[in-house]
Every structure is written in C-alpha cells, then in structure tokens.
Amino acid sequence: MKILAIESSCDETAAAVVENGRTVLSNIVASQIEEHKLYGGVVPEIASRRHVESICGVVSEAMKEADVGFSDIDALAVTYAPGLIGALLVGVSYAKGLSMATGLPLVPVHHIAGHIAANYITHPDLEPPFLCLVISGGNSHIVEVKSYTEYRMIGRTRDDAAGESFDKVARTLGFPYPGGKYIDEAAKAGSRTAYKFTHPKISDGEYDFSFSGLKTAVINLVHNAEQRGEPIKKEDIAASFQKTVADILGEKLYAAAKSLGYKKIVVAGGVSANSGIRAKMKSVADSLGARLYLPELKYCGDNAAMIGAQGYYDYLAGRRADGSLNALATLSLDDISIKENEDERN
Ligand code: KG4
C-alpha cells in the first residue's frame with residue numbers, strides 16, 4: 001500500500017511516498033532555515049507563506065521521484081497537530097483538497113507519532129511495545145508506545161524542550177539558528193568536565209524534564225564572563241552543556257525503563273541527531289541489557305517519510321479524516337490513542 005504523506009508543522013515543507021509504512025520511495029524536504037536564520041528563530045507568518053509557495057512543487061517532486069501517479073497511491077496522510085497553527089493549516093488544507101479531488105482517503109497524523117515512526121523506517125524489525133524518548137525542537141517526552149497507535153506519556157517537559165535549550169545556548173554562544181548541530185560540532189573539540197551544571201530536581205514528576213534552569217545557568221555564565229572581560233572557550237561550554245543534557249535524559253530514561261521493564265529503547269526527534277546523546281543512550285541501553293533503536297540521521301529532523309510511516313499504521317487502525325479536519329497547535333499523544341481492534345475514531 002502506497003501513501004503520499006505531507007508535513008508542514010514548522011519550517012520544513014515536506015512530502016514523501018512510503019510503501020507499507022516501512023519503505024521510502026521518495027522523501028522531499030524544502031527547508032526554510034536560511035530565511036529564519038536572519039531572525040534567530042522561526043517566524044510563524046513567514047513559515048506559513050513559504051509553505052504555500054512550496055507545497056505544490058514539493059508534492060510533485062515526491063511523486064516524480066517515487067515514479068508514481070495518483071492512481072498508484074492508496075491514501076494520503078497529513079500532519080494535523082501539534083505545531084505552528086498557520087504552518088499546519090497549509091498542509092492540512094492542501095491534503096483535504098487533494099483528497100476531495102482524487103477521492104483518496106485522508107489519514108490525519110500526529111507529528112510526534114511521526115517522529116517515533118521514523119524508527120520503523122530505519123529498523124524494519126522494530127515493533128511496539130517499546131519505551132521512547134522523544135527529543136525535538138518543541139518536545140521532550142518519555143512515551144510508552146504500547147502498539148502502533150496507542151501511547152502513554154509518562155514524562156514531559158515542564159518548560160523548555162531539549163531542542164529549545166540547545167538553540168538558546170547556541171545563540172548565546174554566537175552560533176546560527178537552529179544551533180543544536182553547532183553545539184554538537186563545537187562539543188567535539190571541548191572538555192565535557194570543564195564546567196559543572198546542576199541537574200534539576202522535580203519532586204512531583206519522576207520522569208518529567210526541565211531544561212530552563214540549565215539554559216539560564218549557561219547563559220549567565222557566558223554573560224558574566226563577558227562583563228568581566230574573561231575569555232570563554234565555547235567548545236568547553238558546548239561540551240559541558242551537552243553532557244549535562246545527555247546525562248539528564250539518560251537518567252530519566254534509565255529510571256523509566258528499569259521500573260517499567262522495557263528492553264526496547266527508542267529515541268526520536270531532531271535532537272536524537274546529537275552525537276553525545278546517541279552515545280549516552282547506547283550506554284543507558286547497555287546498562288539495562290536493552291536494545292537501542294536510533295533513527296537514521298536523515299529521519300531525525302522533520303520530514304514526511306515519518307508521517308507516511310505512521311500514516312500507514314493509523315490507516316490500518318481505521319483513522320480517517322474528512323473535509324472537517326482542522327489543524328491543532330497542541331495535542332497530547334495520550335489523547336489520540338487507538339487501542340488495537342478499537343473501532344474507528346475521529
Ligand atoms: O524534530 P525537529 O526537527 O523539530 C521539531 O519537530 O520540533 O527538531 C529540531 C531541533 C532543533 O532544536 C535543533 O537545534 C535540534 O533539533 N537539533 C540538534 C541537532 N540537530 C538538530 N540538537 C542537538 N544536536 C544536534 N546534532
């Protein structure tokens with residue numbers, strides 16, 4: 001079964017054709033990063049406008065690269081939540097129009113579920129249940145993935161997401177937006193023990209995250225050094241900060257997997273591209289005697305192949321949308337679960 005998938009939740013306009021949820025026939029991503037870089041972050045209004053300009057071309061390219069026409073496609077999948085509302089609406093409106101024009105069924109896909117499903121592409125043998133750490137620009141979650149369409153969130157961020165803290169620290173160090181990959185690069189040349197940052201204490205949410213205090217500590221360190229005219233070594237700050245984030249993520253994931261007994265650990269989202277975090281997760285999985293699944297680097301950030309992968313399993317579970325489908329800026333994974341064999345929802 002072939003699915004044409006569309007993703008426009010933030011600053012990437014993407015389309016892909018995916019077969020049976022696992023085989024990517026094409027994966028086109030038009031990034032707007034160069035334009036948002038000028039402003040040090042994503043400007044929602046600009047993002048929406050660029051999606052409008054790019055979406056037709058991106059979809060045509062995805063069809064061309066997969067060498068398919070609409071008669072070869074069995075269903076459409078589109079990201080409808082969560083994300084920037086104006087950006088999401090472009091993909092949702094386009095997909096609804098395409099569904100009406102072609103008569104193809106439309107499957108609404110949750111963006112975070114898509115990030116998790118990126119691992120189904122990279123690891124053909126991966127099947128739920130498993131425990132997943134989702135670390136992206138706007139989210140840090142620990143999720144029990146009970147089946148392809150059933151989730152239980154057991155940890156979430158109280159403030160900044162991991163990716164946000166990377167981007168804000170990077171900006172303070174003078175790196176361009178989005179700064180995660182520049183921190184990753186700089187960290188390779190720095191000392192992970194040059195600075196010691198404290199881990200947040202959260203008394204009423206064992207598996208919840210908070211990165212705002214760490215971000216502020218790094219920003220204050222840099223600003224204080226600047227005011228005193230003291231030199232700083234960016235590489236050391238990057239390495240120490242990255243180690244602290246990796247340790248915090250690793251501790252929580254270890255505790256959750258140990259207490260719930262998971263032996264399959266999955267990592268998803270843009271920040272899962274980070275080399276320090278990938279290495280840390282390997283050692284966490286090893287100490288649990290668990291198998292670790294990481295997405296291939298090209299599927300870590302936003303893309304439509306992951307939406308096509310999840311769209312396949314949502315389709316099989318009976319999830320469908322019609323012309324009344326709306327985009328939602330926020331929506332918890334807990335609220336979209338379909339239990340196996342449960343009747344169609346939505
Ligand atoms: O998953 P994603 O593409 O967007 C959302 O769905 O939110 O994640 C983007 C985030 C940005 O914060 C970016 O800085 C971060 O992923 N990122 C990284 C790396 N590559 C991308 N963070 C740390 N290290 C990296 N190598």
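Leaving aside neighbours within four places in sequence, Leu 333 is in contact with His 110, Ile 112, Ala 113, Ile 116, Val 143, Tyr 151 and Met 153, contact being defined as heavy atoms within 4.5 Å. The model is a predicted one, in which local features need pLDDT of at least 70 and side-chain atom pairs count only at pLDDT 80 or more, while totals for chains, interfaces and linings use all residues. Residues are numbered from 1 along each chain as its sequence is written, and side-chain values use heavy atoms, with hydrogens and water left out.

**Nonpolar cores**

Leu 333 and Ile 116 are the residues with the most contacts inside the largest nonpolar core, which has 65 residues. The term nonpolar core denotes a set of buried Ala, Val, Leu, Ile, Met, Phe, Trp, Tyr and Cys residues joined through side-chain atoms within 4.5 Å. Buried means under 20% relative accessible area, exposed means over 50%, and partly exposed lies in between (1.4 Å probe, protein chains only). Helix H4 (residues 111–122) gives the most to this core, contributing 7 residues; helices are DSSP runs of H or I with at least four residues, numbered from the N terminus. At least three residues of the core come from each of domain 1 (2–116 + 300–345) and domain 2 (129–295), the bounds being taken from an automatic or database domain assignment. A second, separate core comprises 44 residues, among them Leu 133, Ile 135, Leu 173 and Phe 175. In soluble globular proteins, nonpolar side chains tend to be buried together.

**A buried histidine**

His 51 is located in helix H2 (residues 44–66). Its relative accessible area is 0%, so His 51 is buried. Not counting residues up to four places away in sequence, His 51 touches Ser 8, Cys 10, Asp 11, Glu 12, Thr 13, Gln 32, Ala 87 and Val 90.

**Salt bridges**

The whole structure contains 21 salt bridges, each being a side-chain nitrogen of Lys or Arg within 4 Å of a carboxyl oxygen of Asp or Glu. Side chains of opposite charge can pair when their charged atoms come close. Three of the pairs are listed below.

| Salt bridge | Closest N to O distance |
|---|---|
| Lys 188 and Glu 185 | 3.1 Å |
| Asp 247 and Lys 280 | 3.3 Å |
| Lys 282 and Asp 286 | 2.8 Å |

The pair of Asp 247 in helix H8 (residues 234–260) and Lys 280 in helix H9 (residues 275–288) links distant parts of the chain, 33 residues apart. Asp 247 counts as buried at 14% relative accessibility, whereas Lys 280 is partly exposed at 25%. Lys 282 and Asp 286 are 4 residues apart in helix H9 and are therefore separated by about one helical turn. Lys 282 is partly exposed, with a relative accessible area of 43%, and Asp 286 is also partly exposed, at 48%. Lys 188 is exposed, with a relative accessible area of 56%. In addition, a network of salt bridges links Asp 160, Glu 164, Lys 168 and Lys 215.

**Ligand surroundings**

There are 19 residues around the ligand, of which His 111, Gly 137, Asp 167, Asp 184 and Gly 270 come nearest; a residue is near a molecule if one of its heavy atoms lies within 4 Å of it. A polar side-chain atom of Asn 274 is 3.0 Å from a nitrogen atom of the ligand. A polar backbone atom of Gly 163 lies 3.3 Å from an oxygen atom of the ligand, and a polar side-chain atom of Ser 136 is 3.5 Å from a ligand oxygen atom.

Conventions
Helix = DSSP H or I, 4+ residues; strand = E, 2+ residues; numbered from the N terminus. Polar contact = N/O pair within 3.5 Å; in protein donor to acceptor, adjacent residues only side chain to side chain.
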